[in-house]
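Colleague: I should be grateful for a close look at a single part of this protein. Please describe that part in detail and then place it in the whole.

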Amino acid sequence: MDVLDSVHGYRIAVPGQPGAHAPQSTVVVYRSAETTPDGLVVYLGEGGLRVTVHGAVACFLEPYPEGLNHPYGYAYPLAGD
């Protein structure tokens, strides 16, 4: 998918701390001009969060922001995309 053809942004549901019964949090990420070596669009969020999106799955890219405890989250396209 070309960067310009990709969705503008996503709301990402980030899982809480495993075993702590912590609630999930939600962050918003926006399309950047960056792509992975495989050509996937990188979306950027607050605190340095970087993700690629595969269907409804957000894959968090390293280095993980502090407090991120799981490599995947759910991706929901922002309204209007």
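Modeller: This is a predicted model, and I begin with its surface before turning to strand β1. The accessible surface of the protein amounts to about 5100 Å², and carbon and sulfur atoms account for 55% of it. Of the 81 residues, 33% count as buried.

Strand β1 comprises residues 9-14 and is mostly covered, with five of its six residues buried. Two strands pair with β1. One is β2, residues 25-35, which runs antiparallel to β1 and is joined to it by six bridges. The other is β6, residues 72-77, which also pairs with β1 in the antiparallel sense, over four bridges.

Y10 illustrates both pairings. Towards β2, Y10 stands opposite V29; towards β6, Y10 stands opposite P77.

As to the setting of β1, the protein contains six strands and zero helices, and its pattern along the sequence reads β-β-β-β-β-β. The protein is as compact as a globular protein of its length, because its radius of gyration of 12 Å is close to the 12 Å that the globule rule gives for 81 residues. Along its principal axes, the C-alpha trace spans about 40 × 25 × 20 Å. Of the contacts between residues at least 6 apart in sequence, 32% join residues at least 24 apart.

In summary, β1 is a mostly covered strand that pairs antiparallel with β2 and with β6.

Conventions. Residues numbered from 1 in each chain as written. Predicted model: local features only at pLDDT ≥ 70, side-chain atom pairs only at ≥ 80, totals over all residues. Heavy atoms only, no water. Rg over C-alpha atoms; globule rule 2.2 N^0.38 Å. Buried < 20%, exposed > 50% of the residue type's maximum accessible area, 1.4 Å probe, protein only. Contact = heavy atoms within 4.5 Å. Areas by Shrake-Rupley, 256 points an atom, 1.4 Å probe, with all protein chains shown as cover. Pairing = 2+ DSSP bridges.
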